[in-house]
Amino acid sequence: MTPVSENACFGGTQGVYTHTSEVCGTDMTFGLFMPAEAEHGPVPILWFLSGLTCTHENAMVKAGAQNWAAEQGIAVVFPDTSPRGEGVANDDAYDLGQGAGFYVDATQSPWSPHFKMWSYIADELPALIEDQFEVDMERQAITGHSMGGHGALTLAMNLEGRFRSVSAFAPICKPTASDWGRKQLAAYLGDDESTWSKHDAALLMQEKGFDGPMLIDTGTNDQFLDLLRPETLAEAAVKRRQEAIIRMQPGYDHSYFFISTFMEDHMTFHAEALYA
């Protein structure tokens with residue numbers, strides 16, 4: 001692991017690091033905020049998964065997470081959204097290829113050699129962070145935006161017992177029935193739709209739900225509302241009687257202005273679970 005930068009931030013440190021990923025077969029970059037409390041022992045950790053076209057930097061710079069994380073004594077990790085570099089497959093479309101990993105392990109050519117974002121987020125990066133930093137992996141939570149909200153929800157519901165809480169900002173809720181999903185799942189996983197279901201939050205909610213608290217925020221003016229389909233997750237949560245707060249925020253769109261507005265709410269929500 002190689003430090004790219006380390007900056008003092010709200011009494012803690014905002015770092016950016018690169019490492020060679022065996023899973024993705026290329027170098028990967030991530031951001032990690034460590035609060036001042038980490039100087040005295042392991043701290044809980046929140047994962048923030050970003051959306052389409054983003055890198056580790058977007059949420060790290062724009063979401064306003066560090067202020068509230070410092071207040072709560074929580075580390076925040078900002079992974080990249082896909083493998084990158086020479087020899088890594090890409091596509092001219094913004095919603096496929098580099099910047100659009102969709103948090104799945106690709107099985108189809110030309111994506112399968114590098115696009116292993118599920119294994120990277122679920123296994124490889126947590127192991128690296130646990131080895132290198134003062135974090136308490138018994139106290140993890142996860143959140144994300146848009147494609148990253150999809151990733152946060154699907155990881156949380158599949159990895160039972162891993163996360164104490166899950167939240168999402170404008171998540172893609174039913175990718176198996178959305179143009180933000182069907183295209184990518186077919187490209188990465190193939191045409192057998194039975195392999196897609198573990199990557200669909202609404203279907204996972206119907207099947208198993210999440211053993212803990214959940215918070216979902218979506219703006220009423222979100223320009224991608226028809227692609228996100230929040231009503232599918234809400235309906236499934238009600239039928240399952242899932243512990244959940246699902247809110248439609250009046251006037252807000254899909255931007256980081258929306259995320260930063262409600263970041264304090266989400267950080268407080270996760271802190272209550274992480275320190276319970």
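What follows is a walk through the sheet and some of the helices of this structure, which is a predicted model.

The sheet is a good place to start. It is an open one built from nine strands, and reading across it gives the order β1-β2-β3-β5-β4-β6-β7-β8-β9, with mixed pairing. At the edges sit β1 (2-9) and β9 (245-249), each of which has a pairing partner on one side only. Going from strand to neighbouring strand, the average turn is 20°, direction ignored.

Now for a look at each edge. On one side, β1 and β2 run antiparallel and are joined by seven bridges. Among the residues involved, Glu6 has Gly15 in β2 as its bridge partner. These two strands make a hairpin with two residues between them, and in this hairpin Phe10 takes a positive phi near 50°. On the other side, the pairing is of the parallel sense: β8 (residues 214-219) and β9 are linked over five bridges. Here Ile216 is matched with Ile246 of β9 as its bridge partner. As a general point to keep in mind while looking at any of these strands, side chains in a regular strand alternate between the two faces of the sheet.

Next come the helices. Helix α3 (residues 117-132) lies across five strands, namely β2 (12-21), β3 (26-34), β4 (43-49), β5 (75-79) and β6 (135-144). Its direction makes an angle of about 120° with β2.

Helix α4 (residues 147-158) is twelve residues long, and the distance from its first C-alpha to its last is 16 Å, close to the 16 Å expected at 1.5 Å a residue. Is α4 mostly covered or mostly uncovered? It is mostly covered, as twelve of its twelve residues are buried. That list takes in three glycines, Gly148, Gly149 and Gly151, along with others including Met147, His150, Leu153 and Asn158.

Finally, two helices can be looked at as a pair. In general, two packed helices are described by the angle between their axes and the distance between the axes. For helix α2 (residues 65-72) and helix α9 (residues 256-274), the axes come within 9 Å and cross at roughly 30°. Angles under 35 degrees count as roughly parallel, so α2 and α9 are roughly parallel to each other. The crossing of α2 past α9 is right-handed. On the α2 side, the contact is made by Ala65, Trp68, Ala69 and Gln72, and these meet Met263, Glu264, Met267, Thr268 and Ala271 of α9. A helix has 3.6 residues a turn, so residues three or four places apart point the same way.

Methods: Residues are numbered from 1 along each chain as its sequence is written. This is a predicted model: local features need pLDDT of at least 70, side-chain atom pairs count only at pLDDT 80 or more; totals for chains, interfaces and linings use all residues. Side-chain values use heavy atoms; hydrogens and water are left out. Two strands pair if DSSP finds at least two bridges between them. Helices (H or I, at least four residues) and strands (E, at least two) are DSSP runs, numbered from the N terminus. Axes are lines fitted to C-alpha atoms, for helices over the stretch in contact, and angles run from 0 to 180 degrees between N-to-C directions. Contact means heavy atoms within 4.5 Å. The expected span of a helix is 1.5 Å times one less than its number of residues. Buried means under 20% relative accessible area, exposed over 50%, partly exposed in between (1.4 Å probe, protein chains only). Angles under 35 degrees count as roughly parallel, over 145 as roughly antiparallel, 65 to 115 as roughly perpendicular and the rest as oblique. A crossing is left-handed if the near helix is turned anticlockwise from the far one by less than a right angle, and right-handed if clockwise.
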